[in-house]
Amino acid sequence: MAARRITLLLAEAGESFLMAMGALAAHKLRSALTLLGVLVGVFSIIVVMTAMRVMQSDVEAAISDLGSLTFMIDRFPGVYIGGPEGFQKYLRRKEITLAQGVRLQQKATLPRSVGLETSFWGGQIATRYKKSAPNVSLLGETPGSFPAHAWMLAEGRLLLDNDVDNARDVCVLGNGLAKTLFPYSSPVGERLKINGINYSVVGLLEAKGNSLGGDQDNFAIIPITTGLNRFGRWHRSLDILVQARDQASYDDTVEQVRGLLRVVRKVRPGAEDDFEILTNDSMISSFRSFTLAVRVGVSLVSSVALLAAGIGIMNIMLVSVTERTREIGIRRAVGAKKRNIMTQFIMEAIVICEVGGVIGVALGILGGNATAYFLKLPAVIPVDWIIIGLVICSFVGVVFGTYPAYKAANLDPIDSLRYE
């Protein structure tokens with residue numbers, strides 16, 4: 001008995017679906033204009049979610065540029081969400097200076113290495129062979145920065161303490177920059193000009209590849225003291241990179257460095273830190289919090305579009321009920337029940353929403369993966385958001401199609417048959 005009832009319900013649903021498709025085909029322009037609102041709402045959700053999914057893994061990999069067991073100390077947070085008023089407290093913080101970094105290096109006993117770094121300049125580097133593009137990053141580092149960044153030596157040597165202590169005019173090149181400047185030979189031992197000053201190339205790093213369409217190896221590294229002497233120390237805050245010895249001592253290392261830096265920077269007992277400790281996990285968590293805010297904002301905007309689309313669908317369905325009053329009367333006269341009429345009209349509303357939803361999903365995936373194409377990243381299909389989008393479409397169809405369906409089902413059969 002139960003199986004027979006299920007079969008009957010499925011047959012009714014199938015018949016209602018075919019009738020709904022027939023109604024869509026009979027009024028093509030009206031149906032197209034009706035489902036346009038649903039299409040726009042679903043498209044806006046899917047295109048943003050697809051684009052963010054495309055970038056997420058690549059951005060998180062770039063954020064995870066710090067090596068294993070490494071954390072960074074900075075004046076500012078890794079990702080800030082809020083107005084300019086809240087950011088003022090970070091601007092009021094004292095800069096992290098070279099002297100503070102050196103004192104921390106001398107006092108810290110738990111870290112495996114402590115490195116100091118800053119970015120000095122972005123521009124063009126010239127050799128006797130050719131010039132680079134005007135987008136090369138010039139970084140100032142100490143020897144402890146290399147293990148913290150997981151920079152591996154391909155040829156030559158890395159910076160030494162003597163290079164930093166004596167502010168020597170030496171540099172280490174990223175792999176991409178080296179191939180640009182010295183396409184036919186090894187760069188080690190060659191000379192190049194940075195901002196008009198000659199530097200000797202002492203080392204070459206292994207390649208790291210691209211991230212978000214950009215070259216991660218397009219940089220040059222000089223001793224941090226050399227850069228500070230050339231480009232100035234005022235209004236320049238350094239970053240401190242700390243690598244723990246092992247996972248077991250990681251938390252203790254963080255706490256020791258925090259305590260020492262509070263002493264070095266003369267932070268009063270009980271006052272909050274005037275610096276940020278950034279780990280791979282904390283920066284990825286901050287990035288996800290930021291993207292969550294974007295997703296919520298897009299969802300709210302899309303919900304307004306879907307609400308407007310739902311109201312439009314209800315309006316069209318009410319018009320359809322009026323137009324098909326005689327048809328409803330005939331169906332009731334030959335034995336159709338109220339539930340059959342309700343099923344037919346609710347199914348029609350769902351079909352309108354789902355057709356718009358499917359088109360919106362298809363266009364959203366194409367639009368979102370255009371980001372992958374331009375940034376040369378792998379394309380993705382956000383299956384979870386596709387399912388969510390289509391479920392929302394069905395929900396909109398049920399909610400806004402119920403009242404017209406109820407009105408149609410409760411028409412008086414005799415009056416309906418006499419309706420002209």
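When I say that two residues meet, touch or are in contact, I mean that heavy atoms of theirs lie within 4.5 Å of each other. With that in mind, let me start where helix α11 meets helix α12: Glu327, Ile328, Arg331 and Arg332 in α11 are in contact with Lys338, Asn340, Ile341, Gln344 and Phe345 in α12. Please keep in mind throughout that what we are looking at is a predicted model.

Before going further into that pair, a few words on the chain as a whole. It contains 14 helices and 13 strands, and of its 420 residues, 45% count as buried. The chain exposes about 21,400 Å², and 61% of that area is supplied by carbon and sulfur atoms. If we take the contacts in the chain with a separation of 6 or more, 78% of them are between residues 24 or more positions apart.

Now back to α11, which covers residues 325–333. Which of its residues are buried? They are Thr325, Ile328, Gly329 and Arg331. Seen down the axis of α11, these buried residues fall within an arc of 165°, so they line one face of the helix. It helps here to recall that an α-helix has 3.6 residues a turn, so residues three or four places apart point the same way. Two of the buried residues, Ile328 and Arg331, also appear among the α11 residues that meet α12. Just after α11 comes Gly335, which takes a positive phi of about 115°.

How do α11 and α12 pack against each other? Their angle is about 140°, and their axes are 10 Å apart. That makes α11 oblique to α12, and the crossing of these two helices is right-handed.

Helix α12, residues 338–375, also packs with helix α13, residues 383–409, and in this case the angle is about 150° with the axes 7 Å apart. Because an angle over 145 degrees counts as roughly antiparallel, α12 is roughly antiparallel to α13. The crossing of α12 and α13 is, once more, right-handed.

A further helix pair is made by α4, residues 98–107, and α9, residues 250–264, which pack at an angle of about 135° with their axes 10 Å apart. Which residues make the contact? On the α4 side they are Gln100, Arg103, Leu104 and Lys107, and on the α9 side they are Val257, Leu260, Leu261 and Val264. At that angle, α4 and α9 are oblique to each other, and α4 passes α9 in a right-handed crossing.

Let me turn to helix α2, which spans residues 28–63 and includes Arg30. Arg30 is partly exposed, with a relative accessible area of 22%. Leaving aside residues up to four places away in sequence, Arg30 touches Ile316, Val319, Ser320 and Glu323. Of these partners, Ile316 is 286 residues away from Arg30 in sequence, although their C-alpha atoms are 8.3 Å apart in space.

Val48 lies in α2 as well, and this residue is partly exposed, with a relative accessible area of 21%. With residues up to four places away in sequence again left out, Val48 touches Val294 and Val298. Val48 and Val294 are 246 residues apart along the sequence, and the distance from C-alpha to C-alpha is 8.9 Å.

For a long-range pair involving a strand, consider Gln243, which sits in strand β12, residues 239–243. Is Gln243 buried or exposed? With 9% relative accessibility, Gln243 counts as buried, since the cut-off for that term is under 20%. The C-alpha atoms of Gln243 and Ala148 are separated by 5.8 Å, while the two residues are 95 apart along the chain.

I would like to finish with two loop residues and their backbone angles. As background, most residues other than glycine have a negative phi. Ala167, however, has a positive phi, near 50°. Ala167 belongs to the loop between α6, residues 161–165, and β6, residues 170–173, and is partly exposed at a relative accessible area of 22%.

Where is Lys266? Lys266 lies in the loop between α9, the partner of α4 we met earlier, and β13, residues 276–279. Its phi is near 60°, a positive value in a residue that is not glycine. Lys266 is exposed, with a relative accessible area of 71%.

Notes: Residues are numbered from 1 along each chain as its sequence is written. This is a predicted model: local features need pLDDT of at least 70, side-chain atom pairs count only at pLDDT 80 or more; totals for chains, interfaces and linings use all residues. Side-chain values use heavy atoms; hydrogens and water are left out. Helices (H or I, at least four residues) and strands (E, at least two) are DSSP runs, numbered from the N terminus. Buried means under 20% relative accessible area, exposed over 50%, partly exposed in between (1.4 Å probe, protein chains only). Accessible areas come from the Shrake-Rupley method with a 1.4 Å probe; for residues, only the protein chains shown count as cover. The arc is that of the directions from the helix axis to the C-beta atoms. Axes are lines fitted to C-alpha atoms, for helices over the stretch in contact, and angles run from 0 to 180 degrees between N-to-C directions. Angles under 35 degrees count as roughly parallel, over 145 as roughly antiparallel, 65 to 115 as roughly perpendicular and the rest as oblique. A crossing is left-handed if the near helix is turned anticlockwise from the far one by less than a right angle, and right-handed if clockwise.
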